[in-house]
Amino acid sequence: MRITPLDIQQKQFKVKFRGFDMDEVYSFLELIREELEELLKENSMLKEKVVILENQLEEYRKIEQSIRDTLMTAQKLVEDYKANAKKEAELIIKEAELKAENIIKEAQEKVVKIHEDIVDLKGIRRHFKEEIKRLIESHLRMLEFDKEREGEESEI
């Protein structure tokens, strides 16, 4: 059972012969009541303060957790960005390598085609030379034949 300041204030003592000085007892009880009342007010105020501080602490814990979650999310995003950038870089390198291989292949095909064209042109040139040679020889024979005929006609 708790004693309140009101209990102290309303407490009545029986008066006996050769008892305590009543004024001194009542004065002391009044002092105790005031002290108890002050202590109860302070206790109540401190309890309210504890509730407020506990609420603030809970808020701070929520904020801390939110910051941790945000940091974790940011870290995961950074790791994802790094991974994506690395994959994209590898893809770009592979594409560049494929393009380079295609360019080299096309260049090699062009070299082969040019080589074939050169061989074909040499064949055409050789054939053209042979044709010109035959034509010249044919004309020379015709000229010799005409010369021989003119020589025979001048003898007649």
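**Charge and surface along a two-helix model**

Asp-146 counts as partly exposed, at 37% relative accessibility. The term applies because partly exposed covers the range between buried, under 20%, and exposed, over 50%. The model in which this residue is seen is a predicted one. Asp-146 is placed in helix α2, which takes in residues 22–155. Asp-146 also belongs to a negative surface patch, whose other members are Glu-144, Glu-148, Glu-150, Glu-152, Glu-153 and Glu-155.

The overall form comes next. The secondary structure of the protein consists of 2 helices and 0 strands. Along the principal axes, the C-alpha atoms fill a box of roughly 205 × 20 × 15 Å. The radius of gyration is 62 Å, whereas a compact globule of 156 residues would have one near 15 Å. Burial can be read alongside these values: 3% of the 156 residues count as buried. The accessible surface of the protein comes to about 15,400 Å², and carbon and sulfur atoms account for 59% of that area.

The charged side chains can be taken as two sets. There are 30 positive and 38 negative side chains in the protein. The centres of these two sets lie 5 Å apart.

Some of the charged side chains are paired, and the count of salt bridges comes to 8. Which residues are linked with Glu-37 in a network of salt bridges? The network joins Glu-30, Arg-33, Glu-37 and Lys-41. Within this group, Glu-37 takes part in two contacts that can be followed in turn. One is with Arg-33, where the side chains meet in a salt bridge with an N to O distance of 2.6 Å. The other is with Lys-41, and here the closest N and O atoms are 3.8 Å apart. That second pair still qualifies as a salt bridge because the cut-off is within 4 Å.

The spacing along the helix fits both contacts. Glu-37 and Arg-33 are separated by about one helical turn, because they are 4 residues apart in helix α2. Glu-37 and Lys-41 are likewise 4 residues apart in helix α2, so about one helical turn separates them.

The three residues of these two pairs fall into separate accessibility classes. Arg-33 counts as buried, at 12% relative accessibility. Glu-37, at 29%, counts as partly exposed. Lys-41 has a relative accessible area of 57% and is exposed.

A further salt bridge occurs between Arg-134 and Glu-131, with an N to O distance of 2.7 Å. Both residues lie in helix α2, 3 residues apart, or about one turn of the helix. How accessible is each partner? Arg-134 counts as partly exposed, at 45% relative accessibility. Glu-131 also counts as partly exposed, with a value of 33%.

The sequence numbers around this pair lead to a nonpolar part of the surface. Phe-128, Ile-132, Ile-136, Leu-140 and Leu-143 make a nonpolar surface patch of about 490 Å². Ile-136, one of its members, is found in helix α2. At 48% relative accessibility, Ile-136 counts as partly exposed. Its value falls short of the exposed class because that class requires over 50%.

Helix α2 therefore recurs throughout this account, since residues 22–155 belong to this helix. The helix holds Ile-136 of the nonpolar patch and Asp-146 of the negative patch. It also holds the salt-bridge partners Arg-134 and Glu-131.

Conventions. Residues are numbered from 1 along each chain as its sequence is written. This is a predicted model: local features need pLDDT of at least 70, side-chain atom pairs count only at pLDDT 80 or more; totals for chains, interfaces and linings use all residues. Side-chain values use heavy atoms; hydrogens and water are left out. Patches are made of residues with over 30% relative accessible area and no salt bridge: like charges are joined within 9 Å, nonpolar side chains (Val, Leu, Ile, Met, Phe, Trp, Tyr) within 5 Å. Accessible areas come from the Shrake-Rupley method with a 1.4 Å probe; for residues, only the protein chains shown count as cover. Lys and Arg count as positive and Asp and Glu as negative; His and the chain ends are not counted. The place of a charge is taken as NZ of Lys, CZ of Arg, CG of Asp or CD of Glu. Buried means under 20% relative accessible area, exposed over 50%, partly exposed in between (1.4 Å probe, protein chains only). The radius of gyration is taken over C-alpha atoms; the globule rule is 2.2 Å times the number of residues to the power 0.38.
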